[in-house]
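Hi everyone, and thanks for coming. Let me bring the structure up on the screen, and then we can walk through it together.

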Amino acid sequence: MIFFSVIIPTYNRAHLITETIDSILDQTYPYFEILIIDDGSTDNTKQIIESGYSNEKKIIYFYKQNEERGAARNFGLKQAKGDYTVFLDSDDLMLSPYLETLDKIITENPGVKLLATKYNYFSNGKTITHPELQHLTEGWYDRSIFLKGNILACNYCINIKDKSFSFFQEERELASTEDWLFLLANLKNNKIFISKEVCLSMRQHDKRSMNNNQKVIEARKKATEWVIKNLNLSESEKKILKAWSHYFCAIHQYLDHNRSASLKEITAAIKGFGLNKEFLLLFIKAIVGRKMIKLIK
């Protein structure tokens with residue numbers, strides 16, 4: 001019996017993926033499969049999987065040409081045998097009760113289409129709480145919570161027996177935003193249940209896709225255009241989406257020490273949505289500059 005299909009896209013993560021796989025195999029819930037979608041790796045990922053897990057029947061390995069994570073996840077969705085699919089990046093970890101926690105939510109809410117738990121970050125042996133998820137109340141949420149951005153990353157679960165779900169966007173120019181677009185598209189007429197339990201841990205390291213600031217900025221701008229064109233938002237929803245996309249771009253320009261570009265983006269956010277604490281704080285930081293702030297600290 002397979003109830004959950006865990007889909008892991010991977011690209012050149014041979015040095016990390018065994019820890020990810022082992023965390024899944026350590027689940028307290030037994031009815032799952034692991035689909036590893038190797039998106040054209042040029043390292044020894046295949047050898048690592050074959051030598052370390054050749055006798056593990058839960059693991060199915062696929063190799064395909066590189067097309068980015070959206071295409072890799074769609075490939076996995078088409079192979080999945082479970083009722084529900086869980087997505088996980090190949091550098092992150094499941095805590096042992098994750099699938100059992102999801103199963104409990106599904107049992108209590110038959111037919112639920114989208115669900116998630118909270119997660120934290122870990123870096124250099126330290127655990128860091130997610131600032132936006134920390135105080136989020138357990139319960140049901142519509143897509144309005146995601147208009148500002150994606151607080152869940154890829155850490156959610158979807159009912160794939162309900163064939164009405166939308167697939168991931170596969171365009172390379174949208175890479176790093178595919179999860180955000182997936183949630184916005186699939187929450188058009190649905191809600192997502194977010195549990196209070198912390199059941200996942202995301203690894204912070206220099207090679208995470210979100211660390212290339214200029215690439216992330218361009219992807220966010222393209223994704224915002226895609227949402228406005230394809231998802232039939234109300235005018236008030238568009239206002240929120242645009243303002244917080246400017247804020248997102250301002251943060252990444254600030255991280256890249258581009259003060260003038262950051263100020264331009266945060267000014268656009270304030271003009272579009274008004275002044276709030278987050279916008280004001282970033283505006284001040286952009287004026288002072290990241291290097292000066294580091295010196296002051």
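**A strand and a helix up close**

Let's begin with one pair of residues: Asn120 stands opposite Ser201 in strand E10. Please keep in mind throughout that this is a predicted model.

So where does that pair sit? Asn120 and Ser201 face each other where strand E6, residues 114–123, runs parallel to E10, and eight bridges join the two strands.

E10 has other partners too. Strand E5, residues 93–94, pairs with E10 in the antiparallel sense over two bridges. There you can find Met94 opposite Leu200 of E10. Strand E8, residues 139–141, is also antiparallel to E10, this time over three bridges, and Tyr141 stands opposite Ile192.

With those partners in view, is E10 mostly covered or mostly open? Mostly covered: E10 spans residues 192–203, and nine of its 12 residues are buried.

Now let's move along the chain to helix H9, which takes in residues 277–288. From its first C-alpha to its last, H9 reaches 17 Å, close to the 16 Å expected at 1.5 Å a residue for its 12 residues.

Which residues of H9 are buried? They are Phe279, Leu282 and Ala286. If you look down the axis of H9, these buried residues fall within an arc of 70°, so they line one face of the helix. And what do they pack against? Their neighbours are helix H7, residues 235–255, and helix H8, residues 259–273.

Have a look at the two ends of H9 as well. At the start, a side-chain oxygen of Asn276 comes to within 3.2 Å of the backbone nitrogen of Glu278. After the helix comes Gly289, with a positive phi, near 100°.

Finally, let's zoom out to the whole protein chain. Its secondary structure comes to 10 helices and 10 strands. The C-alpha atoms fill a box of roughly 55 × 40 × 35 Å along the principal axes. For 297 residues, a compact globule would have a radius of gyration near 19 Å, and the 20 Å of this chain agrees with that.

Buried residues make up 50% of the 297. And among contacts with a separation of 6 or more, 79% are between residues 24 or more positions apart.

That's my tour, so thanks for listening!

Key. Residues are numbered from 1 along each chain as its sequence is written. This is a predicted model: local features need pLDDT of at least 70, side-chain atom pairs count only at pLDDT 80 or more; totals for chains, interfaces and linings use all residues. Side-chain values use heavy atoms; hydrogens and water are left out. Buried means under 20% relative accessible area, exposed over 50%, partly exposed in between (1.4 Å probe, protein chains only). Helices (H or I, at least four residues) and strands (E, at least two) are DSSP runs, numbered from the N terminus. Two strands pair if DSSP finds at least two bridges between them. The expected span of a helix is 1.5 Å times one less than its number of residues. The arc is that of the directions from the helix axis to the C-beta atoms. Contact means heavy atoms within 4.5 Å. A polar contact is a pair of N or O atoms within 3.5 Å; within protein, one must be able to donate a hydrogen and the other to accept it, and residues adjacent in sequence count only if both atoms are side-chain atoms. The radius of gyration is taken over C-alpha atoms; the globule rule is 2.2 Å times the number of residues to the power 0.38.
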